[in-house]
Amino acid sequence: MITRGEMWQAEILRVLNRSHAPVTAYEVLETLRETHGKVAPTTIYRAPSSLADCGRVHRVESLNAFTAYQCDRHQHTSILSICEECGSVEESVAPELLDEISGLVGRSGFSPMRHVIEVHGMCGSCSMRKLQA
Ligand SMILES: [Zn+2]
């Protein structure tokens, strides 16, 4: 038995999985309207955010958007590399780097709760394309 909320979450995951670039809550809503007709914004708006809160999708803070996980190890913090040319997002995992950052900010007594590391630039294939152009 799946609830309506779970049904929408599955639909939203499908939208995020299909897109190679991060998607805003508004774009999720627009996409779902194409396939499901009338969808109330209140149904959708908070859903990507709650999926991110429970570690099922990435929140891309600098774009106010969401992207699907690329690997199966969900509950971790990733470093997101965001291509400003094509919008693709690459995910890297470096727990030792996060420990190091926690240690660094912790020197003043600060208690880190979550890390957000987003790097903007150009992906490998866009860089190649630029070189060849
Ligand atoms: Zn690119």
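## Sheet of three strands

Ser81 stands opposite Val119 in β5. Both the pairing and everything that follows are read from a predicted model. Strand β3, which spans residues 79–83, runs parallel to β5, and the two are joined by five bridges.

These strands belong to an open sheet of three strands, in which the order is β4-β3-β5 and the pairing is mixed. The edges are formed by β4 (89–92) and β5 (117–121), each of which pairs on one side only. When direction is ignored, neighbouring strands of this sheet are turned against each other by 20° on average. As a general point for reading such a sheet, side chains in a regular strand alternate between the two faces.

## Hairpin of β1 and β2

Elsewhere in the chain, β1 and β2 pair in the antiparallel sense, with four bridges between them. One of the residues involved is His58, whose bridge partner in β2 is Thr67. The hairpin that these strands make has four residues between the strands, and in this hairpin Asn64 takes a positive phi near 50°.

## Helix α1 and its two sides

Helix α1 covers residues 4–18, a run of 15 residues, and its span from the first C-alpha to the last is 21 Å, close to the 21 Å that would be expected at 1.5 Å a residue. Within this helix, Ile12, Val15 and Leu16 are buried. Because these three residues cover an arc of only 95° around the axis, they lie on the same side of α1. Glu6, Met7, Ala10, Asn17 and Arg18, by contrast, are exposed on the other side of the helix.

Which elements are included in what covers the buried residues of α1? Among them are the helices α2 (25–36) and α4 (47–53), together with the strands β1 (57–60) and β2 (65–68). The hairpin strands described above, which pair over four bridges, therefore reappear here as part of the cover over the buried residues of α1.

## Ala133, after α6

Ala133 is placed in the segment that follows α6 (124–132). Is this residue buried or exposed, given its C-beta neighbours inside 10 Å? Ala133 has 5 such neighbours, and it therefore counts as exposed, since a residue is classed in this way when 12 or fewer other C-beta atoms lie within 10 Å of its own.

A separation can also be given between Ala133 and Val60, which are 73 residues apart along the chain: their C-alpha atoms are separated by 30 Å.

Technical notes
Residues numbered from 1 in each chain as written. Predicted model: local features only at pLDDT ≥ 70, side-chain atom pairs only at ≥ 80, totals over all residues. Buried ≥ 20, exposed ≤ 12 C-beta atoms within 10 Å, placed from the backbone. Expected span 1.5 Å × (residues − 1). Arc of directions from axis to C-beta. Contact = placed C-beta atoms within 7 Å. Pairing = 2+ DSSP bridges. Axes fitted to C-alpha atoms, helices over the stretch in contact; angles between N-to-C directions.
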